[in-house]
Amino acid sequence: MLFEPLIAALCIALISLVGILVFGQSGQLKGIEKYSVPVAVGVFLSISLYELIPETLEASHELGGLVVALGFIGFYMLANVLHNKLHERYHHLDAEDCDR
């Protein structure tokens, strides 16, 4: 039962790696990332909202909501810290296009 999701995730990772190696080297992916990233985010959000959160709440009635809330808060804080650190490191704060 545990091996099926692991095998599926491994196959998806290998297919993604082959796709990057084939299409990424030839330059065919230029400009497509502005469309592929939002689609990927939408897929991840829909999976978490429709599948993972209800399963978590169903599996643990007492602590499920707390775990989901702490997960959202933790990832929000992590994203904020990483954004600030990477923004300071790779972007000049006095630039005109700085959104800070």
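Student: What is the mean pLDDT of the chain, and what share of its residues reach 70 or more?

Tutor: The model is predicted, and confidence is therefore the place to begin, since coordinates should not be read in detail where pLDDT is low. Of the residues in the chain, 78% reach 70 or more. The mean pLDDT of the chain is 78.

Student: Which element of the chain has the highest mean pLDDT?

Tutor: Among the elements, helix α1, residues 3–26, has the lowest mean pLDDT, at 78. The highest value is 85, and the element that has it is α3.

Student: Which element gives the most to the lining of the largest pocket?

Tutor: The largest pocket has a volume of about 170 Å³. At least two lining residues come from each of α2 (33–59) and α3 (64–90). With five residues, the element that gives the most is α3.

Student: How many residues of the lining of the largest pocket are nonpolar, polar and charged?

Tutor: The lining consists of Ser48, Leu52, Ile53, Val67, Val68, Gly71, Phe72 and Phe75. Gly counts as polar under the classification used, so Gly71 is placed with the polar residues of this lining. The division is six nonpolar, two polar and no charged.

Student: Which element supplies the largest share of the nonpolar patch?

Tutor: The patch on the surface is formed by Val37, Val41, Leu45, Leu49, Tyr50 and Phe72, with about 630 Å² of accessible area together. Phe72 also lines the largest pocket. Val41, one of the patch residues, lies in helix α2. The largest share, five residues, comes from α2.

Note on methods:
Residues are numbered from 1 along each chain as its sequence is written. This is a predicted model: local features need pLDDT of at least 70, side-chain atom pairs count only at pLDDT 80 or more; totals for chains, interfaces and linings use all residues. Side-chain values use heavy atoms; hydrogens and water are left out. On a 1 Å grid over the protein atoms alone, a cavity is a set of points where a 1.4 Å probe fits but cannot get out, and a pocket is an open set with protein on both sides within 12 Å along at least five of seven lines; lining residues have an atom within 4 Å of a point. Grid points are joined across faces, edges and corners, and a volume is the space filled by probe spheres set on the points. Helices (H or I, at least four residues) and strands (E, at least two) are DSSP runs, numbered from the N terminus. pLDDT is the predictor's confidence in each residue, from 0 to 100. Patches are made of residues with over 30% relative accessible area and no salt bridge: like charges are joined within 9 Å, nonpolar side chains (Val, Leu, Ile, Met, Phe, Trp, Tyr) within 5 Å. Accessible areas come from the Shrake-Rupley method with a 1.4 Å probe; for residues, only the protein chains shown count as cover. A salt bridge is a side-chain nitrogen of Lys or Arg within 4 Å of a carboxyl oxygen of Asp or Glu.
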